[in-house]
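The exercises below are meant to be worked with the sequence and the model open side by side. Each one sets a task and then goes through a solution step by step.

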Amino acid sequence: MQPVQIKIVEDRDIYIKWSDNYESLINLIKMRKLCPCATCASEREVQSKTYIPLFAGDQIKVKSINQVGSYAISICWKDGHNTGIFEYPFLKYLAEK
Ligand SMILES: [Zn+2]
């Protein structure tokens, strides 16, 4: 499954149209909160009980989206964070969650 169209909707959601015509809409705050990079993952793990992840401003605005091979996209957020690789199955999972 490949995305055929990816766009940001009103600085709030990411819209993905897949090669089978399936459409996903994922909230950007949710994506940032569940960023799969090692830094964010370990932060969530260490602080899981007490930590309330609050994101605002440039942290939840997308600067650019880049394709990674044929299996994922990476998101460069406006605050400069760009190490999260979102694999396609994970994107679908987020959209359905
Ligand atoms: Zn991250």
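## Exercise 1: The first sheet

Task: Work out in which order the strands of the open sheet that contains S1 are arranged, and which of them stand at the edges.

Solution. In this predicted model, an open sheet of 3 strands has the order S1-S2-S3, and the pairing is antiparallel. Strand S1 (3-9) and strand S3 (23-27) each have a single partner strand, so they stand at the edges and one side of each is left without a neighbour in the sheet. Between neighbouring strands of this sheet the turn is 15 degrees on average, direction ignored. The next step is to look at one pair: S1 and strand S2 (residues 13-18) are joined in the antiparallel sense over 6 bridges, and the bridge partner of Ile8 in S2 is Ile14. Finally, helix H3 (residues 88-96) lies across S2 and S3, and its direction runs at about 75 degrees to S3.

## Exercise 2: The loop between S1 and S2

Task: Find which residues in the loop between S1 and S2 have a positive phi although they are not glycines, and decide whether they are buried or exposed.

Solution. Begin with the expectation that most residues other than glycine have a negative phi. Glu10, which lies in the loop between S1 and S2, departs from this with a positive phi of about 50 degrees. Asp11 is found in that loop as well, and its phi is positive at about 55 degrees. For the second part, a residue counts as exposed when 12 or fewer other C-beta atoms lie within 10 Å of its own. Glu10 has 7 C-beta neighbours inside 10 Å and therefore counts as exposed; Asp11, with 10 such neighbours, counts as exposed too.

## Exercise 3: The second sheet

Task: Describe the open sheet that contains S5, and explain why S4 lies largely in the open.

Solution. Here 3 strands form an open sheet in the order S4-S5-S6, with antiparallel pairing. The edge strands are S4 and strand S6 (85-87), each of which pairs on one side only, and the twist averages 30 degrees from one strand to the next. H3 packs on this sheet, where it touches S5 and S6, and its direction makes about 80 degrees with that of S6.

Now take the pairs in turn. S4 and strand S5 (residues 72-77) are antiparallel over 6 bridges, with Ile75 in S5 as the bridge partner of Ile65. The two strands form a hairpin with 3 residues between them, and Gly69 in the turn has a positive phi of about 55 degrees. S5 and S6 pair in the antiparallel sense over 3 bridges, and Ser74 stands opposite Ile85 in S6. As for the exposure of strand S4 (residues 62-68), the number of its 7 residues that are buried is 0, so the strand lies largely in the open.

## Exercise 4: The nonpolar core

Task: Identify which elements each supply at least two residues of the largest nonpolar core, and trace the contacts of Ile14.

Solution. The general background is that nonpolar side chains tend to be buried together in soluble globular proteins. The largest nonpolar core has 11 residues, including Ile14, Ile16, Met31, Ile75, Trp77, Leu91 and Ala95. At least two residues of this core come from each of S2, helix H1 (28-33), S5 and H3. If neighbours within four places in sequence are left aside, Ile14 is in contact with Ile6, Ile8, Ile26, Leu28 and Met31.

## Exercise 5: From one residue to the whole chain

Task: Decide how Ser24 should be classed by its C-beta neighbours, find its contacts, and then judge whether the radius of gyration agrees or disagrees with that of a compact globule.

Solution. Ser24 lies in strand S3 and, because it has 19 C-beta neighbours inside 10 Å, it counts as partly exposed. Its contacts, apart from neighbours within four places in sequence, are Ile16, Leu91, Lys92 and Ala95. Ser24 and Leu91 are 67 residues apart in sequence, yet their C-alpha atoms are 8.2 Å apart in space.

For the chain, the secondary structure comes to 3 helices and 6 strands, which run β-β-β-α-α-β-β-β-α from the N terminus on. A compact globule of 97 residues would have a radius of gyration near 13 Å, and the chain has 13 Å, so the two agree. Buried residues make up 13% of the 97 residues.

Note on methods. Residues are numbered from 1 along each chain as its sequence is written. This is a predicted model: local features need pLDDT of at least 70, side-chain atom pairs count only at pLDDT 80 or more; totals for chains, interfaces and linings use all residues. A residue is buried if 20 or more other C-beta atoms lie within 10 Å of its own, exposed if 12 or fewer, and partly exposed in between; C-beta atoms are placed from the backbone. Helices (H or I, at least four residues) and strands (E, at least two) are DSSP runs, numbered from the N terminus. Two strands pair if DSSP finds at least two bridges between them. Axes are lines fitted to C-alpha atoms, for helices over the stretch in contact, and angles run from 0 to 180 degrees between N-to-C directions. Two residues are in contact if their C-beta atoms, placed from the backbone, lie within 7 Å. A nonpolar core is a set of buried Ala, Val, Leu, Ile, Met, Phe, Trp, Tyr and Cys residues joined through C-beta atoms within 7 Å. The radius of gyration is taken over C-alpha atoms; the globule rule is 2.2 Å times the number of residues to the power 0.38.
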